[in-house]
Structures are given as C-alpha cells and as structure tokens.
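Grab the model, open it in your viewer, and let's work through a few exercises together.

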Amino acid sequence: MAESENSKDLISVLWSGADILRSKMDANEYKDYLLGIVFYKYLSDSFLIKVYDLLYDEKPETLKVALDAYKEALADESAEELKKQIKSTCHYVIEPELTYTCFADAARNNSFNREQLQKAFNNIEQSDPLFVDLFTDIDLYSNRLGNGDQKQSDTISNLIKEIDKADLLHSDAEILGNAYEYLIGQFASETGKKAGEFYTPQAVSKILTKIAIAGQEEKQGLSVYDPCMGSGSLLLNAKKYAKEPNYIKYYGQELNTSTYNLARMNMFLHGIDPENQMLRNGDTLDEDWPTDEETDFNMVLMNPPYSAKWSAAAGFLQDERFSDYGVLAPKSKADYAFLLHGLYHLKSNGTMAIVLPHGVLFRGAAEGKIREKLLRSGNIYAVIGLPANLFYNTSIPTCILVLKKHREGRDVLFIDASQKYVKGKKQNAMTDEHIDAVLDLYTKRETVEKESYLASFEDIEKNDFNLNIPRYVDNFEQEEEIDLDDLLTSMARTDEELEKTQGEFLSLLHQRKCEELQNIKKFMLQNMFV
C-alpha cells in the first residue's frame, strides 16, 4: 500500500473513533480519550513488534503472531533476561494479558474489562519517569461515557474495537505522527477558542520554523526550544526541515497538564527518542526553565497566549531574563515577558521566531522602553504582519517577530503579509504559495513596493521606535480617478430612468385599483338578487 493511502486509511479509522464519543461530550474532552487510547495501542503494538524482533530478528506477520511468540518466550527460563532487554529499549514492559491485542479480542468477544485497561495505564505510568501521569485525563468511569457501568464499559469497548482497525504494524513513525497531527488539527477546528491552548495552524508553524532553522539545517545536534509548547506540534516541525532530524534535541514547557501529556504522546508517536525529549509541565514566566541543563538553544519557537495576565512582581526585576531592561511587561499583558524569556534562552548565533498581537509593535510605557532597548541592541531582525482570523482562538491579526542575539547592524525588515490568504468558512488560511512568498521576501531582505521595507535604525528612531507596519510598508492602492462630467451625466440618466419607472409603476397601480373596484361592484350586484 502506498504511504499516502496508508496515511489516509489510518486517519479515517482514527477519526471514526471520534464518532463513538462525539454525541457524549465535546471535542475538548473526547480528544483525551481518543488520543490516549491510540497512544496505548501504539505502545502495545511497538512493544510486541520489538519483542518479536529480539526473538527472531525480523518483523512479525501479525500482532497475534507476535503475542503468541511473547507468551511462549515468557514460559522459557530466559524470560527475565528478555524483559530486561525490552525494558532497556522501550522503557516499559507490558504483560501479555494487558496488550492492546488482548483488549481488542476481549472487546470483540464481549468480555472486555475496564479494570484491566486501567491497570495497563497504571503500569505504564509507573514503569519510567517518562510516562508519569500520562493517562491521568482518561477517566474510564466517567458518567460522560454513559449511564451506568455497562454503558460506560460498552463505549470504551466500542472505541477499542474501532481503533484496532488502525494498522500500526505497517505504518512508520512519520505516517502515524502525521495522522496524529491531523487529529489534533481536527480537534482544534471543533473546539474553537479552546484550541489556542494546544494548536498553532500549520501555515504559521511552517513560517516560524523555516525562518528559525534557516542556515542551521545541517547542524547535527540542533536544539529547539518552545516555552509554550502546547501539543508539541510547533517543536516537531523542526524535524521536517533539518538534514539530521534524528539528532535534534527538543526542549519544551507547558502549563496545562492535559496539553503537556498530549505533547509527550505526540513526541513518541513521531518516533522521537526519549533521550532527545526534555519536556516539562510548568509555568514559563513564574519560574525560569531550563536552568541546570542546556540553557540556550539554536532555535526558539513560540506562540504564547496573547496579552495574558502575569504577576509582574517587583522581584522579577532581579531575574536575569528581565533585569537588563529596567522595567517589566505590564501585569495585564505578558507578551514582552514571554518574548524576553525566549530571547534569554537563545544561543548567540541562533534565531527566535514568536507570534504576538500587533500591540507589541506600538504600545508605549514599559513595553515601549523594552522595545527601544531591543532595537538599540539590534535584537529585532524582522517584523511580519500576518492575515487576520488565522487562529482558532482569536480573529485578530497577529505578527511574527524574528529576533537574534548578537548581530552586526540594527536594521529591521518589515513584511506586510496581511493580504496573503484565502478566505475560509471559520478561519482564513495561507496556501503554500503565500508561505513561499513570505519566506522569499524574508530571505531577500530588501524593500519591495507594497510588500516589504528594510528600515534603517535611523528610520525607526525617527518613528520613536514605533514598529507599526503601515508606517514602513505602504500598501495603499490608489483608486482610479473618476471623471466628474461622466458621473453627473450618468446620475442624470439614472434619475430619468427612475422617474420613468416610477410613472409606469403608478400607472399600473391605478389600473389595478380600477380593476379591483369593478370586481367589487360586480360581486355586490350579483349578491343583491340572491
């Protein structure tokens, strides 16, 4: 089967699993069940394939064959050695009766037991720090699954049967990862505003990643950091454009625990080696991280919550991330706090790309002081205005700020991409053609009429360090001049036509009234002699 067909089939099966839950709860809730159980199937199937490979040095024909071989091996006296070997490779061990293959058989035979699935989740979570609390959002005893034990159990059983149709044995990590990404995107579409917590549209992700990785594609051991990683999709984009994707080290932090768990699953489903995942559940602004491992990165990618509130406590003025600026981002708008956190963790020769609301370009007070300091230091490299209504959680237009730590020159490239989109029912979208056009303007780094402007530091200083894009890129379209004589003649002609039409209408109305009066007279005369 071709890879694209396999991918479509996989997406189709996984999405049909959502139909089982859709009538019972909203997408923001059922995504946890669906994605969590898909992930357990992935762990179980990968485990059986690995066991068979260790035993026979080849891939099994079916998962049932692999399960039987595993059961047989456990009866052998070298079983403990085999378990140790698997644990060192997979970081977990699954007992035969807790494999997804067994659960699917039980579901088909109407003998599925929720307690066994819960036990399986618990075992994985306790097997390695990598998996701690990973399935915590899946409540197998929730009333949302149905009224009473039997209906709840049937819902999970039906979901297991449906997802078992997904052929992971013949799907590589890329196909499975892409299918998972597709599901996350679909959930984002269904959940609307809540989607901002976990999803950045692929077009925006592509622009951010290609800008940040430019010139670093061939670096072995490339490090990428997202302090507001959501589902991890933005982080994982680096894999698509790096020449040595297997050596990328991923660092990410996420405040929302459910979303953090989603990111961890997403990493595994994309085949990312556990040693290359450094993910943390925590508050990016309240406590700096990372602090004791690698602390600066080749790429920093961010799509933080826009104009979020934060404490802005005076103690942060001594925090190394913010201390150079003398002021803090305001309590009601943490945009610059996120930006400065990201910049602090950028390597001296790295690139950072962050999505923010346009207010960061022109707001004054503390934000104005921070912006001026960044501009005087040459940190702001480019400003790209995006179209409105690209995101699920907001319709406002946003912009990308590209930052560098140390560079010669303090010029800033402005790009107006606000009209590069196709209109959609719910959201606007940028096509590959639009994305390539933006990246081409960014790479050329020159003034192009109505599209981009390379501003000198003096230009920016004259504008009082205001970076509002229309101050630099004039995209005003001159309307065609109108001949006043022609316009007056046309208006006079229109007035004549209106007068004529009005006269004809009144004549018809009068005629209609006369006919009605005649009919009334006839009716009365006829009824007088009845």
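Below are four exercises, each with a worked solution.

This is a predicted model: local features need pLDDT of at least 70, side-chain atom pairs count only at pLDDT 80 or more, and totals for chains, interfaces and linings use all residues. Residues are numbered from 1 along each chain as its sequence is written, and side-chain values use heavy atoms, with hydrogens and water left out.

**Exercise 1. Work out the strand order of the sheet and find its edges.**

Step 1: Helices (H or I, at least four residues) and strands (E, at least two) are DSSP runs, numbered from the N terminus. Two strands pair if DSSP finds at least two bridges between them.
Step 2: Tracing the pairs gives an open sheet of 9 strands, ordered β3-β2-β1-β4-β5-β7-β6-β8-β9, with mixed pairing.
Step 3: β3 (277–281) and β9 (452–455) each pair on one side only, which makes them the edge strands.
Step 4: Look at β2 (residues 249–254) and β3: they pair in the parallel sense over 5 bridges. Tyr-250 stands opposite Gln-277 in β3.
Step 5: Now add helix α15 (residues 432–444), which packs on the sheet and touches β6 (380–385), β7 (398–403), β8 (412–416) and β9. Contact here means heavy atoms within 4.5 Å. The direction of α15 makes about 160° with that of β8; axes are lines fitted to C-alpha atoms, for helices over the stretch in contact, and angles run from 0 to 180 degrees between N-to-C directions.

**Exercise 2. Is Thr-155 buried or exposed?**

Step 1: Find Thr-155 in helix α7 (residues 149–163).
Step 2: Buried means under 20% relative accessible area, exposed over 50%, partly exposed in between (1.4 Å probe, protein chains only).
Step 3: Thr-155 has a relative accessible area of 5%, so it is buried.
Step 4: Leaving out residues up to four places away in sequence, Thr-155 touches Ile-20, Leu-21, Lys-24 and Leu-145.

**Exercise 3. Why is Cys-399 too far from the closest cysteine sulfur for a bond?**

Step 1: A disulfide is a pair of cysteine sulfur atoms within 2.5 Å.
Step 2: The closest cysteine sulfur to that of Cys-399 is in Cys-228, 15 Å away, so a bond is ruled out.
Step 3: Try Cys-102 too: its closest cysteine sulfur, in Cys-90, is 17 Å away, again too far.
Step 4: The count by this rule is 0 disulfides.

**Exercise 4. Which helix gives the most to the largest nonpolar core?**

Step 1: A nonpolar core is a set of buried Ala, Val, Leu, Ile, Met, Phe, Trp, Tyr and Cys residues joined through side-chain atoms within 4.5 Å.
Step 2: The largest one has 72 residues, and those touching the most other members include Phe-39 and Tyr-40.
Step 3: Helix α2 (residues 27–56) gives the most, with 16 residues.
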